[in-house]
Amino acid sequence: MTVRRPVLVLAVVAAVVAAVANANFLLAPAVGARIDLAVGVISELSVPSEPGSVWFRLGDGTSGVLAAALGVVLWRAAGRWGFRHARFRSLCLLAFGLGTLVSAVVPVTCAPSLGPCPPSSDTAELVHDGVSVLATTGAVLGGGELAWRARGLLRVLAVLTALVSAGCGIYEVVTFFQGGNGGGGNSQRWQVLSVSAWLVLEALSWGQRATAQPAAPAPASR
């Protein structure tokens, strides 16, 4: 069964929109955000009391919904398209999408980089951090699987993206357990950009797989 071009086009468009929405921290200077991402973390941009927080939450929500939708499409189509192993990546897309969506619905309520936070903010931070870890783990694993399966230039780009994403993730975990804030926004910014690239490369890989499929045999004439 061949992959319909409209499906591929819609998937790429959705992935690009999700990627741009995911990199919403780029809006920080434009909306007058007070968070210094060299010190604080990207999640602090979504604190309800901060300037432009609604846009950062909207970006995360949009990215999460579109990524989850891509995961559903990939799950349903993987068997028909002849690459069932892609269902692992569909689960990664779902994990990233749902985790990102929940993180937008349940933002952190205080920005530690701007001053001490009250104990009442701990619950929201725990939920937000938990789903963020789920989303990041899904993105790192999905990017690694794509790097393994892709071919040609797409594979080169996927490998570079996966190395940046995984490297930043490891750095953030190490610094967190050393008593830091997960490396701060410097590391997070690179990781977010690499995740955005993964979303686009994932959709493009569907087209690569489609062009590699053998043409369907013509029906026999009577």
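This is a tour of a predicted model, stop by stop, with a selection to make at each one.

**Whole chain**

Start with the cartoon of the full protein, 222 residues, of which 45% count as buried. The secondary structure comes to six helices and zero strands, and the order from the N terminus is α-α-α-α-α-α. Among contacts in the protein with a separation of 6 or more, 71% are between residues 24 or more positions apart.

**The loop after H1**

Select Ala 28, which sits in the loop that joins helix H1 (5-22) to helix H2 (53-81). Is Ala 28 buried or exposed? Its relative accessible area is 9%, so Ala 28 is buried. Now show what surrounds Ala 28: apart from neighbours within four places in sequence, it is in contact with Ala 33, Leu 45 and Phe 56. A distance to try here is the one from Ala 28 to Pro 51: the two C-alpha atoms are 8.9 Å apart, with these positions 23 residues apart in sequence numbering.

**Leu 91 on H3**

Move to helix H3, residues 86-105, and pick Leu 91 within it. Leu 91 has a relative accessible area of 47% and is therefore partly exposed, since the cut-off for exposed is over 50%. Add Val 72 to the selection: it is 19 residues from Leu 91 along the chain, and 8.4 Å separates their C-alpha atoms.

**H3 against H4**

Keep H3 on screen and add helix H4, residues 122-149. The axes of H3 and H4 are 7 Å apart and the helices pack at an angle of about 155°. H3 and H4 are therefore roughly antiparallel to each other, the cut-off for that class being over 145 degrees. Their crossing is left-handed.

To see the contact, show side chains on both helices. On the H3 side select Phe 88, Arg 89, Cys 92, Ala 95, Phe 96, Gly 99, Thr 100, Val 102 and Ser 103. On the H4 side the residues include His 128, Val 131, Ser 132, Leu 134, Ala 135, Gly 138 and Ala 139, and also Leu 141, Gly 142, Glu 145, Leu 146 and Arg 149. Coloured by class, the contact of H3 with H4 shows eleven nonpolar, seven polar and three charged residues.

**H4 against H5**

Hide H3 and bring in helix H5, residues 152-177. What is the crossing angle of the axes of H4 and H5? They cross at roughly 150° and come within 8 Å, which makes H4 roughly antiparallel to H5. The crossing of H4 and H5 is left-handed.

From H4, the contact uses Val 140, Gly 143, Gly 144, Leu 146, Ala 147 and Trp 148. From H5, it uses Arg 155, Ala 158, Val 159, Ala 162, Ser 165 and Ala 166. By class, the contact of H4 with H5 has eight nonpolar, three polar and one charged residues. Leu 146 of H4 is listed in this contact and also in the contact with H3.

**Two cysteines**

Finish by selecting Cys 92 and Cys 168. Cys 92, already met in the contact of H3 with H4, has a relative accessible area of 4% and so is buried. Cys 168 counts as buried because its relative accessibility is 12%, against a cut-off of under 20%. How many disulfides does a search of the whole structure find? The search finds zero.

Conventions:
Residues numbered from 1 in each chain as written. Predicted model: local features only at pLDDT ≥ 70, side-chain atom pairs only at ≥ 80, totals over all residues. Heavy atoms only, no water. Disulfide = S-S within 2.5 Å. Buried < 20%, exposed > 50% of the residue type's maximum accessible area, 1.4 Å probe, protein only. Axes fitted to C-alpha atoms, helices over the stretch in contact; angles between N-to-C directions. Helix = DSSP H or I, 4+ residues; strand = E, 2+ residues; numbered from the N terminus. Parallel < 35°, antiparallel > 145°, perpendicular 65-115°, else oblique. Left-handed = near helix turned anticlockwise from the far one by under 90°. Contact = heavy atoms within 4.5 Å. Nonpolar A, V, L, I, M, F, W, Y, C, P; charged D, E, K, R; others polar.
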